[in-house]
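Biologist: I'm new to this one and keep tripping over the vocabulary. Could you put it on screen and let me quiz you?

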Amino acid sequence: MFNNREESTAPVDAGETYEVTIEDIAREGDGIARVSGFVIFVPGTSVGDEVNIKITKVLRKFAFAEVAE
């Protein structure tokens, strides 16, 4: 039985919202937040920002989000 569980290891889901604090800035300038240690890139944020984010895309090792209004 082939069971690909790699995709379901992320603690976040696309479309969900989370309250996070931006901890770092990526080389590209996106803010980096973490949910249960899982890296989430959030464009348009700065270190120390406390923001509500909406997950837009989840990959195996990280996710992308936007600031939720």
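**Asking why the words fit**

Biologist: Where does Asp-30 lie?

Modeller: In the loop between S2 and strand S3 (31-35). Strands are DSSP runs of E with at least two residues, and helices are runs of H or I with at least four, both numbered from the N terminus. Keep in mind that this is a predicted model: local features need pLDDT of at least 70, side-chain atom pairs count only at pLDDT 80 or more, and totals for chains, interfaces and linings use all residues. Residue numbers start from 1 along each chain as its sequence is written, and side-chain values use heavy atoms, leaving out hydrogens and water.

Biologist: How many helices and strands are there in the protein chain?

Modeller: Zero helices and six strands. The strands form an open, mixed sheet in the order S1-S5-S6-S4-S3-S2.

Biologist: What makes S2 and S3 a pair?

Modeller: Strands pair if DSSP finds at least two bridges between them. S2 and S3 have two bridges and run antiparallel, so they meet that rule. Ile-25 stands opposite Gly-31 in S3, and Gly-31 also has a bridge partner in S4, Val-42. Five bridges join S3 to S4, again antiparallel, while S4 (residues 38-42) and S6 (residues 62-67) run parallel with three bridges.

Biologist: Why do strands S1 and S2 stand at the edges?

Modeller: Each has a single partner strand, so one side of S1 (17-21) and of S2 (24-25) has no neighbour in the sheet.

Biologist: What is there in the turn between S2 and S3?

Modeller: Five residues separate the two strands of that hairpin, and Gly-29 has a positive phi of about 100°. The hairpin of S3 and S4 has two residues between its strands, with Ser-36 at a positive phi near 55°.

Biologist: Why is S3 called largely enclosed?

Modeller: Four of its five residues are buried, so the rest of the structure largely encloses S3. Buried means under 20% relative accessible area, exposed means over 50%, and partly exposed is in between (1.4 Å probe, protein chains only). For the whole protein chain, 32% of the 69 residues count as buried.

Biologist: Why is Arg-34 called partly exposed?

Modeller: Its relative accessible area is 36%, which sits between the 20% and 50% limits, so the label fits. Glu-23, at 42%, counts as partly exposed too.

Biologist: How do you know that Arg-34 forms a salt bridge with Glu-23?

Modeller: The test is a side-chain nitrogen of Lys or Arg within 4 Å of a carboxyl oxygen of Asp or Glu. In this pair the closest N and O atoms are 2.6 Å apart, so it passes. Arg-34 is in strand S3 and Glu-23 in the loop between S1 and S2, so the pair ties together parts eleven residues apart in sequence. The structure holds one salt bridge.

Biologist: And why has Asp-30 no salt bridge?

Modeller: Arg-27, the nearest side chain of opposite charge, is 11 Å away, so the 4 Å limit is not met. Charge here means Lys and Arg as positive, Asp and Glu as negative, with His and chain ends not counted. Asp-30 is buried as well.

Biologist: Which residues is Asp-30 in contact with, leaving aside its neighbours within four places in sequence?

Modeller: With contact meaning heavy atoms within 4.5 Å, they are Asp-24, Ile-25, Phe-41, Val-42 and Pro-43.
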